[in-house]
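Here is a short walk through one protein model, written for someone who likes to keep the structure open while reading. Please have the viewer ready and follow along.

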Amino acid sequence: MAGRFAPQQPSRPTRTTVRGGHVVVPGGVPRQGGAPGMTRTWVPGVPLDLGLVLGPLRRGPGDPTFRASSDGSVWRASRTPDGPGTLRVALRDGVVRGEAWGPGAGWLLEHLPGLLGADDDPEAFEPRHRVVALTRHRRPGLRLTRTGLVMESLIPSVLEQKVTTDEAYRAWRLLVRKFGEPAPGPESLPQGLFVVPAARDWALIPSWEWHRAGVDNKRASTILRAVRVAGRLEEAVGLDPERARARLEVVPGVGPWTSAEVVQRSHGAADAVTVGDLHLPGIVGFALAGDRDADDDVMLSLLEPYAGQRHRAARLILLSGRVPGRRGPRMRKGDIGRL
């Protein structure tokens, strides 16, 4: 989570701290070669940390749609409105180079600046606590990503409801590998990179495959209801975050926790704080007030000075490494696939 600056680490990784953290992207020059793709260069003009910006899009170290390569590049496979596509992003000397393949290549490159936080306005944020100010100073490259895609964030967020991190990431990994399609790209494409299934393909997954992946009927049913109206949900990208959340929550099984997790990624929503999380209130309470037993109400009260920027404040708190130590057993894993 901490990346190059290593503050005190949490005693155990949680889904909240992992997603709020940093994917370490090694430095270096991206290697070239293989089939040529469409390319675009972009100069952000501000400090930019690829690991911080794109890290929340990775669903665990084995995410088949995401790779951080040793050559300094980040690979993402996405299903765009134009079809599947693969994007490789690298940053060197302040210049971003994007290269994309597949039917969705043009769409991915068109939305590259937004993906890297061009629509974000970190200058609107004013730290109110020392721990937040210090982390912001140490992490100048933090920008909030905007993918412009809803379903690719909604489905894994539903899988993460009410289960451990390992269970959710395992289910995402198994289902995408089995029912997705290999990502388009050059010979240098990382092995095992997949595009998420289309909405119709999610709907056709047999019940026993959900069971084998460890997904209970409640979460599977929520995903099936969502993919039936995938077109309408994707249209929510054109709405402001609050209206987009309201549309998402029309789907039974999608509540405030899930909708916030989605618009944080699809819209780059700076104020969409996650309510209903098992760990986040205690982390925020401990960092800002020394209260490790804080609930959602206390967390929202502490974040009130950051109204309009509460999600950014929570990201900075998670990156600070100031979290309460473990004092109880971990949540038990379940594996319904063994039943």
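Let us begin inside the protein, at the second largest cavity, whose lining is made up of Leu-57, Arg-59, Asp-63, Thr-65, Arg-76, Ala-77, Glu-152, Ser-153, Pro-156, Trp-172, Val-196 and Arg-265. Two elements give two or more residues to this lining, namely strand 3 (73–80) and helix 6 (151–159). Helix 6 gives the most, with 3 residues. Please keep in mind that this is a predicted model.

**The cavity and its surroundings**

The cavity just described has a volume of about 110 Å³, and the structure holds 4 cavities of 30 Å³ or more. Rolling a probe the size of a water molecule over the atoms shows where empty space is left. What classes of residue line the second largest cavity? By class, the lining has 5 nonpolar, 2 polar and 5 charged residues.

One of the lining residues, Arg-59, also leads to a residue in a loop. The side chain of Arg-59 makes a polar contact with the side chain of Glu-160, at 3.0 Å. Glu-160 lies in the loop between helix 6 and helix 7 (165–179). Is Glu-160 buried or exposed? Its relative accessibility is 2%, so Glu-160 counts as buried.

The loop between helix 6 and helix 7 also holds Lys-162. Lys-162 counts as exposed because its relative accessibility is 77%. The backbone of Lys-162 is worth a look too: phi is near 60 degrees, a positive value in a residue other than glycine.

**The sheet**

Now turn to the strands. Strands of a sheet pair through backbone hydrogen bonds, either parallel or antiparallel. Here, 5 strands form an open sheet in the order 1-5-4-3-2, and the pairing is antiparallel. Strand 1 and strand 2 (66–68) stand at the edges with a single partner strand each, so one side of each is left without a neighbour in the sheet. From one strand to the next, the twist averages 20 degrees.

Three of the pairings can be followed strand by strand in this table, each with one example of a bridge.

| Strand pair | Sense and bridges | Example bridge partners |
|---|---|---|
| Strand 1 (38–42) and strand 5 (95–101) | antiparallel, 5 bridges | Trp-42 and Val-96 |
| Strand 4 (83–92) and strand 5 | antiparallel, 7 bridges | Leu-87 and Ala-100 |
| Strand 3 and strand 4 | antiparallel, 8 bridges | Ser-73 and Ala-90 |

Strand 5 appears twice in the table, pairing with strand 1 and with strand 4. Strand 5 is mostly covered, as 5 of its 7 residues are buried. In a regular strand the side chains alternate between the two faces of the sheet.

Strand 4 and strand 5 form a hairpin with 2 residues between them. Which residue in that turn has a positive phi? The residue is Asp-93, with a phi of about 55 degrees, although Asp-93 is not a glycine. Asp-93 is found in the loop between strand 4 and strand 5. At 70% relative accessibility, Asp-93 counts as exposed, because the cut-off for that label is over 50%.

Strand 3 ties two parts of this account together. Strand 3 is among the elements that give two or more residues to the lining of the second largest cavity, and in the sheet strand 3 pairs with strand 4.

**Two helices further along the chain**

Ser-301 is found in helix 15 (residues 296–303). Why does Ser-301 count as exposed? Ser-301 has a relative accessible area of 52%, and exposed means over 50%, so the label applies. Ser-301 and Gly-285 are 16 residues apart in sequence, and their C-alpha atoms are 9.7 Å apart in space.

How many residues of helix 16 (residues 310–320) are buried? The count is 11 of its 11 residues, so the helix is described as mostly covered. Among the buried residues are Arg-310, His-311, Arg-312 and Arg-315, along with Leu-316, Ile-317, Leu-318 and Leu-319. Ala-313, Ala-314 and Ser-320 are buried as well. Helix 16 is followed by Gly-321, whose phi is positive, near 80 degrees.

Conventions: Residues numbered from 1 in each chain as written. Heavy atoms only, no water. 1 Å grid on protein atoms, 1.4 Å probe; cavity = no way out; pocket = protein on both sides within 12 Å on 5 of 7 lines; lining within 4 Å. Points joined across faces, edges and corners; volume = space filled by probe spheres on them. Helix = DSSP H or I, 4+ residues; strand = E, 2+ residues; numbered from the N terminus. Nonpolar A, V, L, I, M, F, W, Y, C, P; charged D, E, K, R; others polar. Buried < 20%, exposed > 50% of the residue type's maximum accessible area, 1.4 Å probe, protein only. Polar contact = N/O pair within 3.5 Å; in protein donor to acceptor, adjacent residues only side chain to side chain. Pairing = 2+ DSSP bridges. Axes fitted to C-alpha atoms, helices over the stretch in contact; angles between N-to-C directions.
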